[in-house]
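Hi,

Here is the structure we talked about. Have a look at it first, and my notes come right after.

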Amino acid sequence: MSGTNDGMPNLPLGSGLGTLDRVLDRIERGLSFIAGIILLAMGLLITASVLAREQIGVTLPDDILMVGLAMVAVVCLPLAHVQRDRGQIAVTVITDRLPPRVGQIGQILGNVLGMTLFGAIAILTVQSVPLAFAQNHYYDGQLSIPVWPVKVVFGVGMGLFALRLGLCAVADLVVWRKRPGAVD
């Protein structure tokens, strides 16, 4: 991920979407950095757990649970940044054989569908946070880790991803309209 706007087409001038794109890009970069720090912490926790188990015969409480919960942040937080750079894995066996304009329509529809799906997931997840907090839901284990922080991280990651997909759909639509043969 270069972060150099490699995959994100320019948004319409004067629409305010360019400003939103820049602000969102800064947030995405920060969350990707945080995900990297969490990944490093996961590696240290796993190393400490293995060393403690093998060298002194002690197990760290809830080490596997903590690594699993941290994985939520490592996967969800950088999703929007990866989408901005179009760095996700894409299977284009069929769309590569279609005329370019038809493939672009498929990409736009995919972004809109993804925005709708991941936006709904984000909304439903964030809506469940107050109940989990109020009822003091926690994961089973020695440390009684609360559920709500993981839900917040997941909801934020999915929400930003949905927002980025929406911006990508707008940008792709602008590119599609400007291509030769576009219908006015």
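Below is what I found on helix packing and on the pocket.

Before the details, this is a predicted model, where local features need pLDDT of at least 70 and side-chain atom pairs count only at pLDDT 80 or more, while totals for chains, interfaces and linings use all residues. Numbering starts from 1 along each chain as its sequence is written, and side-chain values use heavy atoms, leaving out hydrogens and water.

**Helices against α5**

Two packed helices are described by the angle between their axes and the distance between the axes. Axes here are lines fitted to C-alpha atoms, for helices over the stretch in contact, with angles from 0 to 180 degrees between N-to-C directions. Helices are DSSP runs (H or I, at least four residues), numbered from the N terminus.

Take α2 (residues 63-76) first: its axis and that of α5 come within 9 Å and cross at roughly 15 degrees. That makes α2 roughly parallel to α5 (angles under 35 degrees count as such, and those over 145 as roughly antiparallel). The crossing of α2 and α5 is left-handed, meaning the near helix is turned anticlockwise from the far one by less than a right angle. In contact (heavy atoms within 4.5 Å) are L69, V72, A73 and C76 from α2 with V150, V153, F154, G157 and M158 from α5. Those contact residues are eight nonpolar, one polar and no charged; Ala, Val, Leu, Ile, Met, Phe, Trp, Tyr, Cys and Pro count as nonpolar, Asp, Glu, Lys and Arg as charged, and the others, Gly among them, as polar.

For α4 and α5, the axes come within 7 Å and cross at roughly 160 degrees, so these two helices are roughly antiparallel. Their contact has 23 nonpolar, ten polar and three charged residues.

Then there is α1 (residues 17-56), which packs on α5 at about 145 degrees with the axes 11 Å apart. On the α1 side the contact includes L17, L20 and D21, and on the α5 side V156, L160 and R164 are among the residues. By class, it has ten nonpolar, no polar and four charged residues.

**The largest pocket**

The largest pocket (on a 1 Å grid over the protein atoms alone, an open set of points where a 1.4 Å probe fits, with protein on both sides within 12 Å along at least five of seven lines) holds about 490 Å³ of space. Its lining (residues with an atom within 4 Å of a point) has 21 residues, with Q88, A90, T92, T95 and Q107 nearest the centre. Two elements give two or more residues to that lining, α4 (100-134) and α5 (148-178), and α4 gives the most, with ten.

Note on methods: Points joined across faces, edges and corners; volume = space filled by probe spheres on them. Parallel < 35°, antiparallel > 145°, perpendicular 65-115°, else oblique.
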